[in-house]
Each structure stands twice: as structure tokens, then as C-alpha cells.
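Trainee: I would like to take a close look at a single part of this protein, the sheet, and to see how that part sits within the whole chain. Could you take me through it slowly?

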Amino acid sequence: MTQLFKNYLKQNNYTHFDLKAILFDMDGVLYDSMSAHAKSWQQTMEELGLKTNLAEFYLHEGRTGASTIDILFQRNLNRSATEEEIQRIYKRKSELFVKYNTGNIIPKAKEALDFVKSKRLLPVLVTGSGQPSLLERLDKNFPNIFTSKTMVTAFDVKIGKPHPEPFLMGLQKGGNLAPNQALAIENAPLGTESASKAGIFTIGVNTGPLNDEILENAGAKLVFHSMSELLDKFPEILDITSAVKVRIGH
């Protein structure tokens, strides 16, 4: 595992890590909510007569709602969605999400956040969600972890994942950090691509139905299959990042 961190440093012209923050995605990393998102998106689109399949919404995970809607409009109707349509459709999707979502937390997600804080690292949320029912629950489920100043949501970004903007903003909210001062935890290919494009060492936690290769191809340097597995490896990861150094130059 050490070699993966060395490779990152060399490829990005850093001599070492100086970790200050860990950037966490929300859906599929902290909340077991992706199946509810996918089901509510598919039903909303089918009510409009648009053709979709359930699996594609796992691939769209991390996009803003407006972007997801526009992609499906372009594919099915050969036009962009209007602002009024986007608001109406996302409202319907949100209603269905509240109906289908169990509210379950991903096992060991809270312990992983608590571990990060215990190591005096700042947890920062970087989500493409604008789902009020989820965002409002964060403080209840993960008390004293995130504040409005350490959260990037769909309301903050203009472009969204897979563009690096959300994670660049996460670095900024983490304290105007350089990419080698953070790690990113993602479960989705678009979010992984976003974090990787922002120059951050990205760890995939594959809690969904997609193959590991999809996350690896999107830029994940490490892939685990649960937050429990990540939590077990977190001490080793932090030990490596605190010790590893490489020489830059000729």
C-alpha cells in the first residue's frame, strides 16, 4: 500500500503528505441511501414517459439533480430541460426519496468520522445532493462532525461532479488546503473522478452494485468494499501518509 502513496506523490510533484482534512462523500459513504435515490429517480422519469434503467442512476450519482435531469431530457427529447421543469421534477424525485429512503447509516461510518476527528483531522462533506431530508439529518446522525462551513452541497457548486469544482471547494472549506493535505473518500465513479481531477489521493469505498474497475478507472487509488474495511485500514493509511517521502526532480 505504501507504494501507492509514493506513486501519487511522484505523479503530483509532492515530496510528502501534510494531512489536515478528510473529504467525505455522503450518499453511499455515510448513508445507505443510493437504492432509494435510484428508485425515486427511475420512477420520476418513467412518470414523465422517459426511458431509463435503474443501474444508470448509480453511474449518475454525484451529479447535481439539474444535470441528471438535463442529460435524460437531451437523450429522450433532444432538448434541455427548462428551469421550471427541473424544479418540478426534482421536487417529485425528492418526495419519492422521502418515501423510499430507510434513513439507515452505512455501518461504521460514524466510527470512521469519529476516528478522523480523534486524529485531529477535519472531516469535510462533499456531496452532490441537494436533498433537504438528508442534509438536515447530518447533525442528528453525526453530531459535532460537520458545520455549514465544512460542507459542500449542490447549493454551493455551479458545475458539480465529475468536474473537480466540488472537491476544490472542499479543499477551500478545509482551510485553503493543497491537494496533498487531504484524502477523499468516495463510492461513486463521478465523485471519484471529481476528487482525482482536483489532485487528491482518492479512496473508493464500493458499497454499491458497480464493479471495482469502474472506480479504479475513475481514479481511485485504493478500493475497499465497506466503511468497516476502510476503518480497519485507516490507522495504517495515516501512518503511511505521515511517514512517506519521495524525492522530486532529476
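Mentor: Let us begin with the whole chain before turning to the sheet, keeping in mind that this is a predicted model. The protein chain has an accessible surface of about 11,700 Å², and 49% of that area belongs to carbon and sulfur atoms. Its secondary structure comes to 12 helices and 6 strands. With a radius of gyration of 18 Å, close to the 18 Å that the globule rule gives for 250 residues, the chain is as compact as a globular protein of that length. The C-alpha trace spans about 55 × 40 × 30 Å along its principal axes, and 54% of the 250 residues are buried.

Now to the sheet itself, which is an open one of 6 strands, arranged in the order β3-β2-β1-β4-β5-β6 and paired in parallel. At its edges lie β3, residues 151-152, and β6, residues 222-224, and each of these strands pairs on one side only. If you follow the order inward from β6, you reach β5 and then β4. Strand β4 covers residues 182-186 and strand β5 covers residues 201-205, and these two pair in the parallel sense over 4 bridges. For one particular place to find in the structure, look at L183, whose bridge partner in β5 is F201.

Stepping back to the chain as a whole, consider the contacts between residues at least 6 apart in sequence, of which 68% join residues at least 24 apart. Finally, the chain carries 29 positive and 28 negative charges, and the mean positions of the two sets are 4 Å apart.

Terms used: Residues numbered from 1 in each chain as written. Predicted model: local features only at pLDDT ≥ 70, side-chain atom pairs only at ≥ 80, totals over all residues. Heavy atoms only, no water. Rg over C-alpha atoms; globule rule 2.2 N^0.38 Å. Buried < 20%, exposed > 50% of the residue type's maximum accessible area, 1.4 Å probe, protein only. Contact = heavy atoms within 4.5 Å. Areas by Shrake-Rupley, 256 points an atom, 1.4 Å probe, with all protein chains shown as cover. Lys, Arg positive; Asp, Glu negative; His and termini not counted. Charge placed at Lys NZ, Arg CZ, Asp CG, Glu CD. Pairing = 2+ DSSP bridges.
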